Amino acid sequence: MSHELSEFIRSIYNTNEFIPLHAPTFGEQERANVLDTIESTFVSSVGKYVDDFEAQIKNFTGATRAIATVNGTAALHTAMYMAGVKRDDYVITQALTFVATCNAIYHMGAEPIFVDVARETLGLCPKALEEFLEASAKVDGERCVDKATGRVIRAVVPMHTFGHPVHLDELNQLCNKWHLTLIEDAAESLGSYYKGKHTGTVGKYAALSFNGNKIITTGGGGMVLCSSEEDGQRTKHITTTAKVPHPYEFFHDEAGFNYRLPNLNAALGCAQMQQLPLFLKQKRVLADKYQEYFKNSTYEFVKEPNHGKSNFWLNAILCEDHDARNALLEEQNKAGIMCRPIWQLMHRLPMFKSCIRDNLAVSEDIEARLVNLPSSPI
Ligand SMILES: Cc1ncc(COP(=O)(O)O)c(C=O)c1O
C-alpha cells in the first residue's frame, strides 16, 4: 500500500521532487501588487491594500466587519479581548487544536478548559460541551460560573479543524443558554460553510489566518470577523494602538495593540483573494481523488460533515491504529512525500497539562491515528 500510495500522490502532483504538505501558489497579480507597494513606498501600516483586503474578506465571508491583523494568533488574542476575557477566567476549547488557540487564552491571563471533539467534524462536540456544562457549571445572573472554583467561564472557542465546519447552531444555542461568548477559530476554514453561512460568521467574533501554509497567504496575517458594526469599530481601534484620529497629535485613549497588517502583506492578500475560488475548486477535486483512492482500503478518509462544505484545507486519513500511522508517516516522509501527524493534544503540553479537562476519548483516538496528506491545490 505504502509504495502504491507514494506513486498515487506523485501521479497527482506529476513530480519526482519533494512534495510538501501545502505550498502557496502565486501569480502575476501577486508580483504586481507587491511591486506596487514598494514603488509607492507604502509598505507599512498605512495603504490602500489593507482597506481593500478587509473589504474583500468582508464581502466573501458575509461578516459585518473584517479587521486585518498581523497574524491569526493576534486575531484570536483580539477576539478574546473583545469578548471581555479576564484574568483567571476560563475559556472552553478543544484539546485537538493548534497551540495558538490556547496561547491566545493564556495571554489574557485566562485558562483553557478542554472538552472533546465530535468524530464527524474533528471540532468541539456540542453534546460533550452540554454534558460538561450541566455537570460543572451554573448560571449566576448573566454569568456562567465553574461550580468547583467559582471562577467565570467566559467564552467557548471551537476550531474548524482542517476546514471542516463544526456544529455551529448547537454550539451557539448552548452559548446563548449559558451566557458564554462564541468565538470561532476559523484560522483554517476560509471558504468553508456551515448550512450556507461562511464559517466565522455565526459566533460573535472569529479569527482567520493567512499564514504561509493556509489556503491563501499574506506571508503572515490574520483577520478578526465581527458580528456588529460597533464591535468592528472598536476592534479596529484597539488593534491600531487605540490612537484617536487627529492630523498630527498623538493621543491614545487606552492600552491598545499594534496588530496592524502591513500594506505589503495586504497587497499579497488582495491578489490571493482573486485566486481563492479556483483554489477551492482545485482542492475539492483533490479531496475527491483521495476519497476515491481510499474507498476500499484500511484507511478512512476524513469527509466533510453533512451540514456544510469544507475548504479541504488539509486532507486527512485515519489509520487502523497508532502503529499503522507511524509506519505511514515514516514511509511517506522517507519517500519525499510530506505527511504529518495531527498536533499533540493541548493537555499534553507542559503549560496546559494541569488545565481542567473533560473525557477526551475521541480526541485521543484521532490523535493516535490521523495523518495529513499533501494538500496543495492541483
Ligand atoms: C487552528 C489555528 N489557530 C490559530 C492559528 C494561528 O494563526 P497564525 O499562524 O497566523 O498566527 C493557526 C495557524 O497557524 C491555526 O491552525
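Begin with the empty space inside this predicted model, where the count comes to one cavity of 30 Å³ or more. About 50 Å³ of space lies in the largest cavity, and to display its walls you can select His 22, Ala 23, Pro 24 and Thr 25, then Lys 214, Ile 215, Ile 216 and Thr 217, and finally Gln 272, Phe 279 and Pro 377. Colouring that selection by residue class gives six nonpolar, four polar and one charged residues in the lining.

Keep Lys 214 selected as you turn to the ligand, since this residue of the cavity lining is also listed among the closest of the 15 residues that surround the ligand, together with Gly 72, Thr 73, Glu 188 and Ser 209. Now show side chains and examine the oxygen atoms of the ligand: a polar side-chain atom of Thr 73 lies 2.6 Å from an oxygen atom of the ligand, a polar side-chain atom of Glu 188 is likewise placed 2.6 Å from a ligand oxygen atom, and for Ser 209 the corresponding distance is 2.8 Å.

Next, select Thr 69, which belongs to strand β1, spanning residues 65-69. Is Thr 69 buried or exposed? Thr 69 counts as buried because its relative accessible area is 0%, whereas the cut-off for that class is under 20%. Its side chain reaches the backbone oxygen of Asn 71 at 2.9 Å. To see what packs around Thr 69 beyond four places away in sequence, add Ala 74, Ala 75, Gly 221, Gly 222, Met 223, Val 224, Thr 239, Tyr 259 and Leu 261, which Thr 69 touches.

Terms used. Residues numbered from 1 in each chain as written. Predicted model: local features only at pLDDT ≥ 70, side-chain atom pairs only at ≥ 80, totals over all residues. Heavy atoms only, no water. 1 Å grid on protein atoms, 1.4 Å probe; cavity = no way out; pocket = protein on both sides within 12 Å on 5 of 7 lines; lining within 4 Å. Points joined across faces, edges and corners; volume = space filled by probe spheres on them. Nonpolar A, V, L, I, M, F, W, Y, C, P; charged D, E, K, R; others polar. Helix = DSSP H or I, 4+ residues; strand = E, 2+ residues; numbered from the N terminus. Buried < 20%, exposed > 50% of the residue type's maximum accessible area, 1.4 Å probe, protein only. Polar contact = N/O pair within 3.5 Å; in protein donor to acceptor, adjacent residues only side chain to side chain. Contact = heavy atoms within 4.5 Å. Near = heavy atom within 4 Å.
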